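Visitor: Please show me the model, and then let us go through it together, beginning with one side chain and ending with the sheet.

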Amino acid sequence: MEHKTCVAWGITGAGHFLAGCAEVVAGLPDVHLFLSRAAEEVVRMYGLEARLAGGARRIYHESRTGASAPPVARFFRGEYDCLVVAPATGNSTAKFVHGIADSLITNLFAQAGKSRVPVIVLPTDVAPEIDSPGPGGELVTVFPRPVDLEMVARLCSFPGVTVVSSLDELRGALEALA
């Protein structure tokens, strides 16, 4: 019997890359979504609730399950083949780097690492200047701070963590796991 990859996918409160991530989620055969409180708001702002719900088998909302939800234990039981955090805000990326696990998504990251489950992260702060679509579709230019770029660089050195900087790289990293 062929093994199907089950992906735990965490979404933080970022709009950059969000629409593209929803498309990637829709193309996966078995994905469970985990939405931070901020992600719940941003997903609504971008009108992506239905698109994400159509691609996910299960959706966990931090506002309903809390920061240390029982699904986090599924990493120890081997139920997830990988964790994807995409998009990952600068705040979440900094918390990953500093070992802070005080939210649903940061707890997922910590438990995946402790269970040696591969992690793929698509941070929003991938370049010194980024054009990003706002909720209405207008492009805005964002200038990540040096500390944001430093956190991404530091995350790249974490064992078991693959940091990608585009949707194409994200797709490639997922394909490499299959």
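Visitor: Which backbone oxygen does the side chain of Thr-12 reach?

Guide: This is a predicted model, in which local features need pLDDT of at least 70 and side-chain atom pairs count only at pLDDT 80 or more, while totals for chains, interfaces and linings use all residues. Residues are numbered from 1 along each chain as its sequence is written, and side-chain values use heavy atoms, with hydrogens and water left out. The side chain of Thr-12 also reaches the backbone nitrogen of Thr-89, at 2.9 Å. The backbone oxygen reached, at 2.8 Å, is that of Pro-87.

Visitor: Is Thr-12 buried or exposed?

Guide: Thr-12 lies in the loop between strand 1 (7-11) and helix 1 (18-26). Leaving aside neighbours within four places in sequence, its contacts (heavy atoms within 4.5 Å) include Ser-36, Ala-39 and Ile-105. Because buried means under 20% relative accessible area with a 1.4 Å probe and protein chains only, Thr-12, at 2%, is buried.

Visitor: What separates the C-alpha atoms of Thr-12 and Val-85?

Guide: Val-85 is among the residues in contact with Thr-12. Although the two are 73 residues apart along the chain, their C-alpha atoms are separated by 7.6 Å.

Visitor: Which strands stand at the edges of the sheet?

Guide: Six strands (DSSP runs of E, at least two residues) form an open sheet in the order 3-2-1-4-5-8, with parallel pairing (at least two DSSP bridges between two strands). Each edge strand has a single partner strand, so one side of each is left without a neighbour in the sheet, and these are strand 3 (58-61) and strand 8 (161-163).

Definitions and conventions. Helix = DSSP H or I, 4+ residues; strand = E, 2+ residues; numbered from the N terminus. Buried < 20%, exposed > 50% of the residue type's maximum accessible area, 1.4 Å probe, protein only. Polar contact = N/O pair within 3.5 Å; in protein donor to acceptor, adjacent residues only side chain to side chain.
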